[in-house]
Amino acid sequence: MSGSPSAELDHLVLATPDLARAVALVRGALGVQPVPGGRHEGLGTANALVGLGTAGYLEIIGPDPDGPRPDRPRPFGIDTLTAPRLVTWAARVRDLDTAVAAARSAGWDPGTPVDRARTTPDGRRLTWRMTPTQAERLGGTLPFLLDWGTTTPPAATLPPAATLVELRLRHPDPARVRGALAALGLGEVPVDAGPAGLTAVLSAGDHRLVLNPGIAHPNRRTT
């Protein structure tokens, strides 16, 4: 067995130094309103979400404007960002421990799972388990693995406000990334040669947004 056969895209991660400004930028580009997601306990972050139908969702994550500064760096390099940045993505699995063991046996170690939680604006507490974020490993091209357990995944409850047209990865050594993706059960994701990073193309109606290590072509019309 190579990797987890049930791994699938859960969400894309757009990190930002200013959550409200990034939400406004995405809203202006796509013509849809991101949904407030909630606050991450102990991390000093909050998020907003855009449903992508069967392709999961876009997470816009930045400093929690109503919370204290955490005693450790915020995830995804948020404290050092000067503009929104598509930093990585998450793959959903049904049994995280089995998926991690399978990936390790296939030659890639996703890391040791940790417990995470956030509180939604209406007071609900969502919990999940995940491997460490991969933003610093292979330029964010590899996803972190996430298991929602008994929590209903946000993708199942968000309205499908936009569509993921394309997700492509880039790395100077694409064969290395392809091998790691295969170990994770995600060998079908395309990988190009080039500077490390990822690009996602979203559309909503006649609006189009290209996300990469920065935001390109906001509010560009489709043809």
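In this predicted model, the protein chain carries 23 positive and 21 negative side chains, and the centres of these two sets lie 4 Å apart. The surface on which a solvent probe could roll comes to about 10,000 Å² for the protein chain, and carbon and sulfur atoms supply 51% of that exposed area.

From the surface we can turn to the overall build. The protein chain contains three helices and 13 strands. Its radius of gyration is 16 Å, close to the 17 Å that the globule rule gives for 223 residues, so the protein chain is as compact as a globular protein of that length. Laid along its principal axes, the C-alpha trace of the protein chain spans about 45 × 40 × 30 Å. Of the 223 residues, 54% count as buried, and when contacts with a separation of 6 or more are considered, residues 24 or more positions apart account for 65% of them.

The next step is to look inside. In soluble globular proteins, nonpolar side chains tend to be buried together. Here the largest nonpolar core has 48 residues, and those with the most contacts inside it are Leu12, Leu52, Leu58, Trp89, Leu164, Leu169 and Leu181. Helix α1, which covers residues 19-30, gives the most to this core, with six residues. Apart from this core lies another one, of 18 residues, which includes Val13, Phe76, Leu81 and Ala155. To see how one residue of the largest core meets its surroundings, consider Leu52: leaving aside residues up to four places away in sequence, Leu52 touches Leu12, Tyr57, Leu58, Ala162, Thr163, Leu164 and Leu202.

Helix α3, made of residues 174-183, shows how a single element can be read residue by residue, for its buried residues are Pro174, Val177, Ala180, Leu181 and Ala183. Leu181 is also one of the residues with the most contacts inside the largest nonpolar core. What covers the buried residues of α3 includes the strands β5 (85-92), β9 (163-171) and β10 (191-193), together with the helix α2 (96-105).

Gly179 also lies in helix α3, but is Gly179 buried, partly exposed or exposed? With a relative accessible area of 38%, Gly179 is partly exposed, because this value falls between the 20% below which a residue counts as buried and the 50% above which it counts as exposed. Gly179 and Trp108 are 71 residues apart in sequence, and their C-alpha atoms are 8.2 Å apart in space. Just after α3, finally, Gly185 takes a positive phi of about 80°.

Note on methods
Residues numbered from 1 in each chain as written. Predicted model: local features only at pLDDT ≥ 70, side-chain atom pairs only at ≥ 80, totals over all residues. Heavy atoms only, no water. Core = buried A, V, L, I, M, F, W, Y, C linked by side-chain atoms within 4.5 Å. Buried < 20%, exposed > 50% of the residue type's maximum accessible area, 1.4 Å probe, protein only. Helix = DSSP H or I, 4+ residues; strand = E, 2+ residues; numbered from the N terminus. Contact = heavy atoms within 4.5 Å. Rg over C-alpha atoms; globule rule 2.2 N^0.38 Å. Areas by Shrake-Rupley, 256 points an atom, 1.4 Å probe, with all protein chains shown as cover. Lys, Arg positive; Asp, Glu negative; His and termini not counted. Charge placed at Lys NZ, Arg CZ, Asp CG, Glu CD.
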